[in-house]
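Here is a short briefing on one protein chain. It starts with a glycine and a helix end, then widens to the fold and two side chains.

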Amino acid sequence: MRLAARARFAAFVLAVLALPGGLMALGDPRMVDLGKLAMILSPGLAGLILNRGLGEGGAKPRWTWVAAAAGVSLAVAGLALIAALVSGVGAWPGAIPARTLAALMGAGAFTSVLEELGWAAGGLALAVKAFGRRAGVPVLGVVWAAWHLIPAMLKVGLFPDLEAAPPAMLAAFVAGCLVYRELLTRLRERARTWWAAAAGHAAPNILLAAVVAAGGFDLSRGWWFFPAPGGLVFLGLALGAVALLRRKRL
């Protein structure tokens, strides 16, 4: 039983890493674009198909916790963003065309929901069935980190901050993905629906849209202030949020 579950999880990993990474590695602009599309769609599609559903077991969602998930994640990213702006790592938003800002916010929200349809639904269920809750979530976090790092290493322009990151920041990014995946999973468990992880993932991306539109982040001023996985301030705040959720079992 466990062997079959691990085989399905291995198939999930191949679908979300090897397929898009292989296409982007070809270098042909059309294949790179196809690889980017496969990267966005593969977690949700592979998770749903291989797990044969969302993995929620018919539990009744607690929608107040979906809203709380957005608030918790927004607090973590918001405090990290304030530190980034004060330190000069992030550019203060100025006069940004409304259409540009709306497009960035919409894209961030949409891709976040698509991601979590895979990572927090079918993908999480596959990982837990294969390795158990305690080991499965960190394993999934490592795969999630690799999902970002492969296109960054190939320098296809999807994650410019990671492409320019020093080795220490990349190590912090992997640690940040592990902790943030644990945080999103705990929020998803409280809400009994993957929508909590989607809300928790989308809210910070919407918040960061204005800074991205204003010029992004100058990592030479202190990459540890990067207000997302990869930054040490973000990592510490996310660890604090996980510890708080572990103490308060509601």
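Gly215 follows directly after helix 7 and takes a positive phi of about 135°. Helices and strands here are DSSP runs, H or I of at least four residues and E of at least two, numbered from the N terminus. This is a predicted model, in which local features need pLDDT of at least 70, side-chain atom pairs count only at pLDDT 80 or more, and totals for chains, interfaces and linings use all residues. Residues are numbered from 1 along each chain as its sequence is written, and side-chain values use heavy atoms, with hydrogens and water left out.

**Helix 7**
- Helix 7 covers residues 195–214, 20 residues in total.
- Its first and last C-alpha atoms are 29 Å apart, close to the expected 28 Å. The expected span is 1.5 Å times one less than the number of residues.
- Helix 7 bends by about 35° at Leu208. The bend is the angle between axes fitted to the seven residues ending there and the seven starting there.

**Whole chain**
- The chain has 8 helices and 0 strands.
- The radius of gyration is 18 Å, close to the 18 Å from the globule rule for 250 residues, so the chain is as compact as a globular protein of that length. The radius is taken over C-alpha atoms, and the rule is 2.2 Å times the number of residues to the power 0.38.
- The C-alpha atoms fill a box of roughly 55 × 50 × 35 Å along the principal axes.
- Of the 250 residues, 47% are buried (under 20% relative accessible area, against over 50% for exposed and in between for partly exposed; 1.4 Å probe, protein chains only).
- Among contacts (heavy atoms within 4.5 Å) with a separation of 6 or more, 80% join residues 24 or more positions apart.

**Glu182**
- Glu182 sits in helix 6, residues 167–191.
- Glu182 has a relative accessible area of 15%, so it counts as buried.
- Its side chain makes a polar contact of 2.7 Å with the side chain of Arg186. A polar contact is a pair of N or O atoms within 3.5 Å; within protein, one must be able to donate a hydrogen and the other to accept it, and residues adjacent in sequence count only if both atoms are side-chain atoms.
- Beyond four places in sequence, Glu182 contacts Arg133, Val137 and Val242.

**Thr193**
- Thr193 lies in the loop between helix 6 and helix 7.
- Thr193 is buried, at 2% relative accessible area.
- The side chains of Thr193 and Glu56 share a polar contact of 3.2 Å.
- Leaving out residues up to four places away, Thr193 touches Glu56, Pro61, Val66 and Arg188.
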